[in-house]
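Me: I am new to this structure and should be grateful for a close look at a single part of it. Please treat the salt bridges and the strands that carry them, and then place that part within its surroundings.

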Amino acid sequence: MKRYIGIICAAIIFFSMQSCMIKRSANMDFAKGTKLSADAEIVSINVPGILMKTFIRGKIRELHEDDPALALALKKIKKIKLMAVSGGGRNSNLYDKFNSYLVKNDFEELMSIYSDGSKISINTKTKGDRIKSVMLGITDDEDQVFVDLKSDINLNELNQLIEHYESTQQDKKEKKEDPSEQS
């Protein structure tokens with residue numbers, strides 16, 4: 001009986017590790033079946049939360065002392081998916097499919113940033129006062145990166161995180177200004 005339980009546990013671990021492998025195909029619903037140019041290259045990674053927490057548990061403990069708000073946010077992440085498309089360019093309709101997927105699945109755009117020819121889109125899906133999913137889309141002339149974070153972050157915790165970073169940035173700014181005034 002112990003042997004069968006051991007074999008079942010080993011099989012479960014093996015299959016859960018399969019989802020963490022690097023793949024050369026799309027791992028996000030909006031990209032499956034999309035025809036890209038012949039020179040386009042896709043790299044996808046799925047990291048289940050249990051594996052992620054196992055590897056970053058020590059880092060979270062270190063962060064808890066230095067940056068407790070960030071440590072709290074990292075604890076709330078359940079799963080990460082990453083997909084990078086290189087060489088597809090803006091001529092592909094992948095980013096349009098990404099935007100259609102967001103609309104169809106009730107994501108709200110938190111913000112869009114344009115920087116050095118790249119567009120960064122941050123979108124959230126909420127349920128009540130909790131953020132259940134965060135989708136990032138980053139695109140430029142040649143490359144596109146999409147990140148899907150499954151989480152369970154309370155909006156109040158997110159506000160505390162933002163306030164913490166704003167006060168930290170203000171403190172850094174004041175420290176930089178003080179030495180120049182004394183000269």
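**The salt bridges and their setting**

Reply: Of the 183 residues in the protein chain, 31% are buried. The model is a predicted one. Five helices and seven strands are present in the protein chain, and, read from the N terminus, the elements follow the order α-β-β-α-α-β-α-β-β-β-β-α. Contacts between residues 24 or more positions apart account for 58% of the contacts in the protein chain with a separation of 6 or more.

The part requested comes next. The salt bridges number three. One of them joins Arg130 to Asp152, with the closest N and O atoms 3.2 Å apart. Arg130 belongs to strand S6, which spans residues 130–139, and Asp152 belongs to strand S7, so this pair ties together parts that are 22 residues apart in sequence. The relative accessibility of Arg130 is 24%, and Arg130 therefore counts as partly exposed.

Asp152 also takes part in a salt bridge with Lys132, where the N to O distance is 3.0 Å. Lys132 lies in strand S6 and Asp152 in strand S7, so here the parts tied together are 20 residues apart in sequence. Lys132 has a relative accessibility of 29% and is therefore classed as partly exposed. Arg130, Lys132 and Asp152 are thus linked in a network of salt bridges.

A further salt bridge is formed by the side chains of Asp148 and Lys150, at 3.4 Å from N to O. How do the partners of this pair stand with respect to burial: is Asp148 buried or exposed? Because buried means under 20% relative accessible area, the value of 5% for Asp148 places that residue among the buried ones. Lys150, by contrast, has a relative accessible area of 32% and is partly exposed.

Strand S7 itself covers residues 143–154 and includes Asp143. Asp143 has a relative accessibility of 34% and is therefore counted as partly exposed. Together with Asp39, Asp141 and Glu142, Asp143 forms a negative surface patch. Residues that take part in a salt bridge are left out of such patches, and a member must have over 30% relative accessible area; the value of 34% for Asp143 satisfies the latter condition.

Strand S5, residues 118–127, holds Thr124. With a relative accessible area of 10%, Thr124 is buried. Leaving aside residues up to four places away in sequence, Thr124 touches Asp106, Phe107, Glu108, Leu110, Ile131, Ser133 and Val134. Strand S6 runs over residues 130–139, and Ile131, Ser133 and Val134 are among the residues that Thr124 touches.

Strand S4 comprises residues 108–115, Met111 among them. Glu108 and Leu110 are also among the contacts of Thr124. Met111 is partly exposed, at 38% relative accessible area. Leu110, Met111 and Ile113 make a nonpolar surface patch of about 260 Å². For the protein chain as a whole, the exposed area is about 12400 Å², and carbon and sulfur atoms supply 56% of it.

Tyr114 is another residue of strand S4. The relative accessible area of Tyr114 is 63%, and Tyr114 is therefore exposed. Tyr114 and Ile138 are separated by 24 residues in sequence, while their C-alpha atoms are 9.7 Å apart in space.

The surroundings also include helix H5, which extends over residues 155–182 and contains Leu158. Leu158 is partly exposed, with a relative accessible area of 22%. Which residues does Leu158 touch, not counting residues up to four places away in sequence? They are Ile131 and Ile153. Ile131 is thus a contact of Leu158 and is also touched by Thr124. In addition, Leu158 and Ala73 are 85 residues apart in sequence, with a C-alpha to C-alpha distance of 7.9 Å.

To return to the part requested, the network of salt bridges consists of Arg130, Lys132 and Asp152, and Asp148 and Lys150 form a salt bridge as well.

Technical notes
Residues are numbered from 1 along each chain as its sequence is written. This is a predicted model: local features need pLDDT of at least 70, side-chain atom pairs count only at pLDDT 80 or more; totals for chains, interfaces and linings use all residues. Side-chain values use heavy atoms; hydrogens and water are left out. Helices (H or I, at least four residues) and strands (E, at least two) are DSSP runs, numbered from the N terminus. Buried means under 20% relative accessible area, exposed over 50%, partly exposed in between (1.4 Å probe, protein chains only). Contact means heavy atoms within 4.5 Å. Accessible areas come from the Shrake-Rupley method with a 1.4 Å probe; for residues, only the protein chains shown count as cover. Patches are made of residues with over 30% relative accessible area and no salt bridge: like charges are joined within 9 Å, nonpolar side chains (Val, Leu, Ile, Met, Phe, Trp, Tyr) within 5 Å. A salt bridge is a side-chain nitrogen of Lys or Arg within 4 Å of a carboxyl oxygen of Asp or Glu. Lys and Arg count as positive and Asp and Glu as negative; His and the chain ends are not counted. The place of a charge is taken as NZ of Lys, CZ of Arg, CG of Asp or CD of Glu.
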